Amino acid sequence: MSALMDEKAAATSQDGVRHMNMIEAINSALDVMLARDPDVILLGEDIGYFGGVFRCTAGLQEKHGTTRVFDTPISECGIIGVAVGMGAYGLRPVPEIQFADYIYPGLDQLISEAARLRYRSAGEFIAPMTVRSPFGGGIFGGQTHSQSPESIFTHVSGLKTVIPATPYDAKGLLISCIEDNDPVIFFEPKRIYNGPFDGYYDKPAKSWKGRDEAQVPEDYYSIPLGKARTVCEGDALTVLAYGTMVHVAESVCRDKGVDAEILDLRTLVPLDIEAIEASVEKTGRCLIVHEATRTSGFGAELSALVTERCFYHLEAPVERVTGFDTPYPHSLEWAYFPGPVRIGEAIDKILSE
Amino acid sequence: MASDSHEKGRNRPKLELHVPQPHYRPGDTADFSHLNIPAAGDQPRPDEVCEARETYPLCDDLIRVLGDDDRAHGPWDPRLHADTLRKILREMALVRAFDNRMYRAQRQGKTSFYMKCTGEEATSVCATHALAADDMIFPSYRQQGCLIARGYKLTEMINQIYSNKADKLKGRQLPIMYCSKRLNFFSISGNLATQLPQATGFAMASASKGDSRIAATWVGEGSTAEGDFHSALTFATVYNAPVIFNVINNQWAISSFSGFAGAERANFAARAIGYGIAGLRVDGNDPLAVYAAERWAADRARSNGGPTLIEHFTYRAEGHSTSDDPSAYRSAEEREEWPLGDPVNRLRKHLVALGEWDDERQQAMDEEQDAIVRKAQKDAEANGILGHGLHHPFHTMFEDVFEDLPWHLEEQAAQAIRERQIKWPEDKAE
Ligand SMILES: Cc1ncc(C[n+]2csc(CCOP(=O)(O)OP(=O)(O)O)c2C)c(N)n1
């Protein structure tokens, strides 16, 4: 927690800090950037007058006007495609895709166009944009409101992929994304919009109230991309996680009394390889946790990197805890979700080696 | 068995799948008499800021200015000065000379690939003249005429085609996928129709900033079947974006005739009707009509009248690209029988009819254009041709993926440079 507190102290004085859940933090980041930079423009389905189905853009149209924050047709190809053109003009569009599951109709514009514009024009044209999209399961969204497609994007050269796990990070990282001159995918773990989730689905939902990570400065601050956050320090094993799974992993380790070092990766591309190497070299054991399906998931990349780079420090095989290779099943959501049982078993296995 | 049980006891009519067929295949006699080609000058010209619906009769018509008498007729006559006409003629001839030389260069192995626009020169050159210099062009791959009309250096174009060491795109792009920010010519994508929503976005951005720049984009008729086309038109109509959609209906999409993009049912200009935007259908081989239509759409966009879709009705006289053999799928006669003639010839004859041009000047001009291209080609070849020498420092391969080089690309660049010394030890470059 210490690194977090340092950043916070550097960013702002004590007053002007407010308790925010993740939705409010994202809203605050957008508000700050709309006010700071006249080139920032928000577009997406239902984001204007209504403020978005998750309310992340609530009040922003009223405050900044309909030409800065507006609704779009239901056309993800159009949303991303016009954002490329807006970027080429010199704006900094922040398109919202209502659910990550609906990003596919816009994929060609993201993968073939936004991601490659700088490269193919040798830097003459750029497509700065931050595509915001809620992702992940745990809210009974069924197959079409629960996917975690991050590895589709991490596989594409030219895209950055950012996933916050706390309100404080959500605001600071989102501001960095908007200021970045490359196209960024900003996935919002919707399960933790309103509170951290410890993986115990049968217990009452928690809220961000009273949590350090929910103390968010109202003004501008940024968190650099490509820097992982050390959630807690430990010696027994390194846990690499992002989004909702950071909290689940944290609670499992706490409950099991395991002295884990948990890294919240925060950005998958660019990846903080130094932090990963340093931690695995220290602990000699590595567990990777994500919600996305297993095969070719980002965990495979992490596992390969750790094995390639830290092999002689490893005392046990690298383990992955992931979602299953099936679509997200609505009624069996909690059977699918990589929760405490799956994580606990993997930890036991790693520690028993 | 299966069909038996399907038939039994049924008296409903059997459904039939329709698969479009072009009029002529190789060996067939081409006859375009089924085309409805109205007389030049007969088409009404609504005011630029009219209601979109006033243009709808024009979606089923064909705007023509140059008549069989080589004279300009009717309300769409843009009344261009003879100097402008000569300039346009020269540029169209230059495009043609350039295409011919580059086609040969590909055959000589100097590059991997080339695409001609023979017969379609008016749709790029004349349209560009109707735009302001700072209007943004979002081209497809057959709009070399836009760059030439904006005065782009031919040597730069050839450097790009050769991917040589002077190629400012650092040898990364397919030949002919030009880009010039200075000339407001957007980077070309090989993924069809992606430029349409982008042009719309640019136009929306310009409008949101209270700027006066508009966007114009080009797409083939075959590519109008892509979802991007429909997304772009939806966004354009919703936000009244100052954008012009030029649909180049050259009848063929590689070997698929326009019927596979829906041409049997409706003209491409008529796509505008469903979106409530202005639509014009133009004789794409009539330089004056193309200029006039584009100018109309530009003026409309600039005065907040919104988007226009223009179908340029033309014919792809040559193959799709250097990789294509059109004699394998279409009648060899089509090109000769195309009833709307050749745009370069039509403009030449018009200038002659005006007493502003003659055969001698034409011949001198043709020779001059060829010499210009040859000189540019020679200059470009001094910078190398494709595959001769590894032209760019290997590190550049990893640049521009992101603004800054992340660790993994830095590591991979070091790897590539190490390999270079092993694979090409005689090569001194980085
Ligand atoms: C998305 C996509 N699909 C397929 C192709 C392959 N392709 C390249 S050109 C072409 C035909 C395009 O025809 P049209 O749009 O009519 O343009 P024209 O070549 O006639 O100018 C096809 C299918 C591609 N480049 N991109």
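The following dialogue examines how terms are applied to a predicted model.

Tutor: In this predicted model, local features need pLDDT of at least 70 and side-chain atom pairs count only at pLDDT 80 or more, while totals for chains, interfaces and linings use all residues. Residues are numbered from 1 along each chain as its sequence is written, chains are lettered from A in the order in which they are written, and side-chain values use heavy atoms, without hydrogens and water.

Student: What makes Glu124(A) and Lys168(B) a salt bridge?

Tutor: The term requires a side-chain nitrogen of Lys or Arg within 4 Å of a carboxyl oxygen of Asp or Glu. The side chains of Glu124(A) and Lys168(B) meet at 2.6 Å, N to O, and therefore satisfy the rule. Across the interface of chain B and chain A, the rule finds three salt bridges.

Student: How many residues does each chain bring to the contact?

Tutor: Chain B gives 44 residues and chain A gives 46, where contact means heavy atoms within 4.5 Å.

Student: How do you know what area the two chains bury between them?

Tutor: Buried area is the accessible area (1.4 Å probe) that two parts lose on being put together, summed over both. For chain B and chain A this is about 3600 Å², with 62% on carbon and sulfur atoms. Phe235(B), Phe402(B) and Trp407(B) supply 18% of the area that chain B buries against chain A, more than any other three residues.
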